[in-house]
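Biologist: Before we discuss how the helices pack and where the backbone does something unusual, could you put the sequence and the model on the screen?

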Amino acid sequence: MFDAILNTLASLRLRLIVTYVLVTAISFGLLTLILNRSTDAFLMRREESNLRGMAIALGTTVRSAVDTSEDAFALDQKWTQRRCHDYLNRNFPDLRFRMLDIHGRELMDSFYPDDWASWLAERAQRAGHETMPEVALAMAGKIGAETRFSRERTGHPYTIYIAHPILRTDPKTRQHRVAFIMYLDKPVDVVRQNLNELRHQMLVGMLASLLLTVLVSILFSSNLSAGLRHAAQVARAFAAGQMDGRMRESGRDEVGQLGKSFNQMADNLERQEGLRRNLLADVSHELRTPLTAIAGCADTLADGTLTEDPVAAQRFLDIIVRESERLQRLVNDILDLSKLQAGALAIPLTPVPLPSLLEDAVEIARMQAGPEEISIACDLATAADLVVMGHEDRLAQALRNLLDNARHHSPARGTIRVTVEARAEWVLVHIHDEGEGIPPEDLPWVFDRFYRAGRGVGTPGGTGLGLAIVREILLAHQGRVTVESTVGVGTTFSLHLPIVQAEGGMRGDACG
Ligand SMILES: Nc1ncnc2c1ncn2[C@@H]1O[C@H](COP(=O)(O)OP(=O)(O)O)[C@@H](O)[C@H]1O
Ligand SMILES: [Mg+2]
């Protein structure tokens, strides 16, 4: 089973690493996608507006010339072309500059600066540009711009086109009309190149961060799985009987919490195991004393040396009877105690009227005390209507044990007082005697099993388990038992029980 856990841990670690790497890769992929699309669009738009700005600037320059002479281009196309070409090629080598007439036909082309004749030949074969959407816009007097796959520049697939109308004002009517169209275009390879560079850098970044992720996750997960591995080891050792091993509790995380919970459980188990061992040792020790006495007496009787001494023989037989009875009580008490300890919560509780319970217990104690010897005073006035939630036989057993102790520790003609005190949620039953008292140093221990106070004599005929049983019974009732004692004056044991209800009409004055 533990090997299985170790195996899962190994795969847990692997799964962690894979998860980290996947998360990093996916987020990087998404980021690249988003950045790609937006930078692509952004760079294109920027390039287009750059070109548009240039067109407007050129347009105003050209217009002033056009306004003065109607046929500037028609008159000296070659000269204008060369000038434009010189200006543009120096500064914008990629830019193609063309002038169109108002029907979209070319008047000049910056790509043919010197070769006038071949340009004319070429132009004759080419159709006008009037069908292009941007040129159509310019013919209508607006600036047209478009980026598209180019048929003309085969080496540069994507091209930005700007068509800018050059207006002329009619001197008489003062109205504007389109005189020429300035037609610019520029390949966007450069933009693409920039983008590719960006992509390349992002790829490098992604690979680097993936590598970093792997390293970090290996470190982190080995830390985590080391904690779990250690926990599994401790648990395995614990299962094999090494109860002193504990897990590391450092860290507020789940592993630390696991360690804390496990250690609590281990402490509990260890204490229970100790209790069990102690009980076994105590019980065998207590059983040995009466058994030794019985075996000794029986031995002496059996070897026949006492046949002439019937008085001594009778005394030995009395010892055997007394010790057997004691043995019986001891076994009964041990059984009771272990039953109570094993299933304290399993005792079924029912409402028990307090007065009748106390009356019965006092009645039995009086009978056992014998007339005149010890008197038992019982004041149940305050208990009249009280009902407690409890197990009648077990509560009676607790009262019997306390009354037995009080009886055995009372002086001749002493008085035992049983009183009831009702508090907000508790009812207290006090059993007070005028006995020798319990020394203060013994008080904390009297409820321990087999503990005898004073000079270690204990109650005559007692088993040393009476008070331990009382405590277990009260615990099962969510109550408790306390003791107060003054040496030479007397002892008071008090049972604290939770009240259920005050019942009307119950009378408890039968004893008093
Ligand atoms: N009423 C009492 N007065 C003085 N000592 C008491 C009284 N009740 C109990 N004790 C002390 O507490 C010890 C434990 O009591 P218990 O558990 O009933 O065992 P036991 O079988 O000895 O009565 C007794 O041995 C005795 O020393
Ligand atoms: Mg007792």
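Modeller: A crossing is called left-handed if the near helix is turned anticlockwise from the far one by less than a right angle, and right-handed if it is turned clockwise. Please keep in mind that this is a predicted model.

Biologist: With that convention in hand, which hand does the crossing of α7 and α10 have?

Modeller: The axes of these two helices, α7 and α10, come within 10 Å and cross at roughly 25°. Applied to this pair, the convention gives a crossing of α7 and α10 that is left-handed.

Biologist: Are α7 and α10 roughly parallel or roughly antiparallel?

Modeller: The axes of α7 and α10 cross at roughly 25°, and angles under 35 degrees count as roughly parallel. The contact is made by Asp-333, Asp-336, Leu-337, Leu-340 and Gln-341 of α7, which face Ala-468, Ile-469, Glu-472, Ile-473 and Ala-476 of α10. Because of that crossing angle, the arrangement of α7 relative to α10 is roughly parallel.

Biologist: Against which helices do the buried residues of α7 pack?

Modeller: Helix α7 runs over residues 310-342 and reaches 47 Å from its first C-alpha to its last, close to the 48 Å expected. Its buried residues are Phe-316, Glu-323, Leu-330, Asp-333, Leu-337 and Leu-340. The partners against which these buried residues pack are α6 (254-302) and α10.

Biologist: How many residues does the largest nonpolar core have?

Modeller: Nonpolar side chains tend to be buried together in soluble globular proteins. Among the residues with the most contacts inside the largest core are Leu-402 and Ile-431, and Ile-431, leaving aside its neighbours within four places in sequence, is in contact with Leu-402, Leu-403, Ala-406, Ile-416, Val-418, Thr-492 and Phe-493. Apart from it lies another core, of 21 residues, including Ile-162 and Phe-180, whereas the count for the largest nonpolar core is 44 residues.

Biologist: Phi of Arg-413 is positive; is Arg-413 buried or exposed?

Modeller: Phi of Arg-413 is near 55°, although the residue is not a glycine, and Arg-413 lies in the loop between α9 (392-409) and β9 (415-422). A residue with 12 or fewer other C-beta atoms within 10 Å counts as exposed. Because Arg-413 has 10 such atoms within 10 Å, its class is exposed.

Biologist: And how is Phe-450 classed, given its C-beta neighbours inside 10 Å?

Modeller: Phe-450 is found in the loop between β10 (426-433) and α10 (466-476), and its phi, near 65°, is again a positive value in a residue other than glycine. Because Phe-450 has 16 C-beta neighbours inside 10 Å, its class is partly exposed.

How values were computed:
Residues are numbered from 1 along each chain as its sequence is written. Chains are lettered from A and ligands numbered from 1 in the order in which they are written. This is a predicted model: local features need pLDDT of at least 70, side-chain atom pairs count only at pLDDT 80 or more; totals for chains, interfaces and linings use all residues. Helices (H or I, at least four residues) and strands (E, at least two) are DSSP runs, numbered from the N terminus. A residue is buried if 20 or more other C-beta atoms lie within 10 Å of its own, exposed if 12 or fewer, and partly exposed in between; C-beta atoms are placed from the backbone. The expected span of a helix is 1.5 Å times one less than its number of residues. Two residues are in contact if their C-beta atoms, placed from the backbone, lie within 7 Å. A nonpolar core is a set of buried Ala, Val, Leu, Ile, Met, Phe, Trp, Tyr and Cys residues joined through C-beta atoms within 7 Å. Axes are lines fitted to C-alpha atoms, for helices over the stretch in contact, and angles run from 0 to 180 degrees between N-to-C directions. Angles under 35 degrees count as roughly parallel, over 145 as roughly antiparallel, 65 to 115 as roughly perpendicular and the rest as oblique.
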